[in-house]
Amino acid sequence: MKRWLAALPLIALAALGALFALYALNRNPHVEPQALVGKPVPALTLPDLDDGVARPLRAALGDGPALVNFYASWCAPCEVEQPTLIALKSGGVRIVGVAYKDAPQNAQAFLDRLGDPFSVRLVDRDGRGGIEFGVTGVPETFAVRDDGVIAAKHSGPMSLSQAQALLAKAR
């Protein structure tokens, strides 16, 4: 009986290990959380990068489909994505940029160095806006329809074809 009591912690540990292994084998690590797709844009008010005045995000989106892009100066994939966003802007796409967990001066230096693809530049210094959107990391881009509903989400740097496919879902 004493042997069983001594082995009980090892049996419990082996059972937990088997449980976690089965979970990991049946889980798709490439699933992107899409919690806000099909829902209205969160009612956020964030400071403008230029003057620090608080602006409602919904008003910044304007009329017609738009993209909301969360980026940061410390984000290497954001640098990779920047030429795609600039190409979209030159094609007339309205993009609202949100500097995520970044100092305004760093975000401005990032845009000065790589080009500014944004119609409106907002700052989410503490990351609360990102929480409202369900941001898991930067860059993340949300396609918003003209009725203010999020049509699609893309995580990671976008190629031009991915960006156009994302935007097509908002039209």
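## The central sheet

In which sense do strands β3 and β4 pair, and over how many bridges? Strand β3, spanning residues 66–71, and strand β4, spanning residues 94–100, run in the parallel sense, and six bridges hold the pairing together. For a concrete register point, look at V68: its bridge partner in β4 is V96. Before going further, please keep in mind that this is a predicted model.

The β3/β4 pair belongs to an open sheet of five strands, ordered β5-β4-β3-β6-β7, with mixed pairing. At the edges sit β5 (120–124) and β7 (150–155), each of which pairs on one side only. If you like a number for the twist, neighbouring strands in this sheet are turned against each other by 20 degrees on average, with direction ignored.

## Strand β6 and its two partners

On one side, β6 meets β3: the two strands run antiparallel and are joined by five bridges. Within that pairing, A66 stands opposite V144 of β6. On the other side, β6 pairs with β7, again in the antiparallel sense and over five bridges. Here A143 is the residue that stands opposite A152 in β7. The hairpin of β6 and β7 has five residues between the strands, and G148 in this hairpin takes a positive phi near 85 degrees.

Is β6 mostly covered or mostly open? The strand is mostly covered, with five of its five residues buried. The burial involves both faces: E140, F142 and V144 are buried on one side, while T141 and A143 are buried on the other.

## Helices across the sheet

Two helices are worth locating in your viewer. Helix α3 (residues 76–90) lies across β3, β4 and β6 (140–144), and its direction is at about 160 degrees to β3. Helix α4 (residues 104–114) lies across β3, β4 and β5, running at about 115 degrees to β3.

Which side chains form a salt bridge between these two helices? They are E79 and R113, with an N to O distance of 3.2 Å. This pair links distant parts of the chain, since E79 belongs to α3 and R113 to α4, with their positions 34 residues apart in sequence. E79 counts as partly exposed because its relative accessibility is 32%, whereas R113 is exposed, with a relative accessible area of 52%.

## More salt bridges

How many salt bridges does the structure hold? There are seven. Side chains of opposite charge can pair when their charged atoms come close. One of the pairs here is R55 with D48, whose closest N and O atoms are 3.2 Å apart. The two partners are covered to unlike degrees: R55 counts as partly exposed at 32% relative accessibility, but D48 has a relative accessible area of 8% and is therefore buried.

R121 and D116 make another salt bridge, with 3.0 Å from N to O. In this pair R121 is buried, at a relative accessible area of 15%, and D116 is partly exposed, at 26%. The pairing does not stand alone: salt bridges that share partners join D50, D116 and R121 into one network.

## D124 on an edge strand

D124 lies in strand β5, one of the edge strands of the sheet. Is D124 buried or exposed? D124 is buried, because its relative accessible area is 1%, under the 20% cut-off. Leaving aside neighbours within four places in sequence, D124 has contacts that include L46, F70, V98, A99 and Y100. K101, D102, G129 and G130 are also among the residues in contact with D124.

A useful distance check is the one to F142. D124 and F142 are separated by 18 residues in sequence and by 16 Å in space, taken from C-alpha to C-alpha.

## A nonpolar surface patch

Which residues make the nonpolar surface patch of about 330 Å²? The contributors are L16, L19 and F20. F20 is found in helix α1, which covers residues 2–25. With a relative accessible area of 56%, F20 is over the 50% cut-off and so counts as exposed.

Conventions: Residues are numbered from 1 along each chain as its sequence is written. This is a predicted model: local features need pLDDT of at least 70, side-chain atom pairs count only at pLDDT 80 or more; totals for chains, interfaces and linings use all residues. Side-chain values use heavy atoms; hydrogens and water are left out. A salt bridge is a side-chain nitrogen of Lys or Arg within 4 Å of a carboxyl oxygen of Asp or Glu. Buried means under 20% relative accessible area, exposed over 50%, partly exposed in between (1.4 Å probe, protein chains only). Helices (H or I, at least four residues) and strands (E, at least two) are DSSP runs, numbered from the N terminus. Two strands pair if DSSP finds at least two bridges between them. Axes are lines fitted to C-alpha atoms, for helices over the stretch in contact, and angles run from 0 to 180 degrees between N-to-C directions. Contact means heavy atoms within 4.5 Å. Patches are made of residues with over 30% relative accessible area and no salt bridge: like charges are joined within 9 Å, nonpolar side chains (Val, Leu, Ile, Met, Phe, Trp, Tyr) within 5 Å. Accessible areas come from the Shrake-Rupley method with a 1.4 Å probe; for residues, only the protein chains shown count as cover.
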